[in-house]
Amino acid sequence: MGRVIPFSEFENYYQKIQKSPGFVPGTILDTNVIVSLTYDIKSNHDEVVEFVDLLQNHDFRTFATVTTKAEFLDFQRRLIMTEMLRDSLFSSSKLKLSQRAISAVQTVSGRLAQRERRGGDPVFNDADLKEIKSAFSAGSNSGKIGWLKLCDEVLLKRLPEAETILSDCGIEYVSQHDPSQTALFKSTIGWSDAVIISAKTCLGFSDAMILNALQCSRFHFAVSTDFDLGYAALAGTEIKDVIMPDEVAKKYKALHFQ
């Protein structure tokens, strides 16, 4: 069974695992950690930054899987469009939206504000963006910008830049197809094992793929802020450890894991 190790206990944990035969100083970060690390509005931003700095000070290489990288870029896509669309409501905006589009942005922004008051991120979800998109003309019309032009002027310029955020934070993309990373793996990543990991606790498949990559690697642990991922580690007989913020780690104490 894997363990959930609080951030505050990592130093003691590290002193033990670094003496293990074949120890490889590396780890996989989940999407929530990467978002918290790079988005300073997140409530645990400072805590995550401090912990990732600690890892890198101990010469750990930090990795994102194809899943976490895709989810991070997806978050950036939604964040960029949220900021642009909300800013478009101000009179100072250079974007000229149709009245129908303005009404849709206002309506969806109102729902988003309610989610923010409940602790949600100030970022549109895909359902929000689809609703707004349907209120736009695809092409520009009567001096009002269309959705395709909007994407061209905003996303096409800014989204490719988001990919560099990971490398700027010292996060690498882990891949079994990279010859320079061969020594990081002990077995081949396959779908069947991820399906089993998912099925055992009803874990989301993207998280199951992270744990599956961890199992196939020579790393001792992953880093997560996600309750479900720690739950899967505690429930799985073969799953490795997960390092988590203290506030998340303490939630498992009353769940009677054997």
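## A loop residue: Ser20

Helices, here H or I runs of at least four residues, and strands, E runs of at least two, are DSSP runs numbered from the N terminus. In this predicted model, Ser20 lies in the loop that runs between α1 and β2, the latter covering residues 26-29.

Ser20 has a relative accessible area of 26%. Buried means under 20% and exposed means over 50%, so Ser20 counts as partly exposed. Between the C-alpha atoms of Ser20 and Lys253 there are 27 Å, although the two are 233 residues apart along the chain.

## The chain as a whole

The protein chain holds twelve helices and six strands. Its C-alpha atoms fit a box of roughly 70 × 45 × 35 Å along the principal axes.

Of the chain's 258 residues, 44% are buried. Among contacts in the chain with a separation of 6 or more, 68% are between residues 24 or more positions apart.

## Helices α2 and α4

Helix α2 spans residues 31-38 and helix α4 spans residues 66-87. Their axes come within 9 Å and cross at roughly 45 degrees. Angles of 35 to 65 degrees fall outside the roughly parallel and roughly perpendicular classes, and α2 and α4 are therefore oblique to each other. The crossing of the two helices is right-handed.

On the α2 side, the contact is made by Thr31, Ile34, Val35 and Thr38. Their partners in α4 are Thr67, Thr68, Glu71, Phe72 and Phe75. By type, the residues of this contact are four nonpolar, four polar and one charged.

## Nonpolar cores

In soluble globular proteins, nonpolar side chains tend to be buried together. The largest nonpolar core in this model has 27 residues, and the members touching the most others are Phe10, Phe221, Val223 and Ile243. At least two residues of this core come from each of α1 (10-17), α2, α3 (45-57), α4 and β5 (221-223).

A separate, second core has 26 residues, among them Ala208, Leu229, Leu234 and Ile239.

## Surroundings of Phe221

Which residues are in contact with Phe221, leaving aside its neighbours within four places in sequence? Phe10, Tyr13 and Ile17 are among them, and α1 covers residues 10-17. Gly26, Thr27 and Ile28 also touch Phe221, and β2 covers residues 26-29. The remaining contacts of Phe221 are Leu55, Phe60, Leu214, Asp241 and Ile243. Phe10 and Ile243 thus appear both as contacts of Phe221 and, with Phe221 itself, among the core residues that touch the most other members.

Technical notes
Residues numbered from 1 in each chain as written. Predicted model: local features only at pLDDT ≥ 70, side-chain atom pairs only at ≥ 80, totals over all residues. Heavy atoms only, no water. Axes fitted to C-alpha atoms, helices over the stretch in contact; angles between N-to-C directions. Parallel < 35°, antiparallel > 145°, perpendicular 65-115°, else oblique. Left-handed = near helix turned anticlockwise from the far one by under 90°. Contact = heavy atoms within 4.5 Å. Nonpolar A, V, L, I, M, F, W, Y, C, P; charged D, E, K, R; others polar. Core = buried A, V, L, I, M, F, W, Y, C linked by side-chain atoms within 4.5 Å. Buried < 20%, exposed > 50% of the residue type's maximum accessible area, 1.4 Å probe, protein only.
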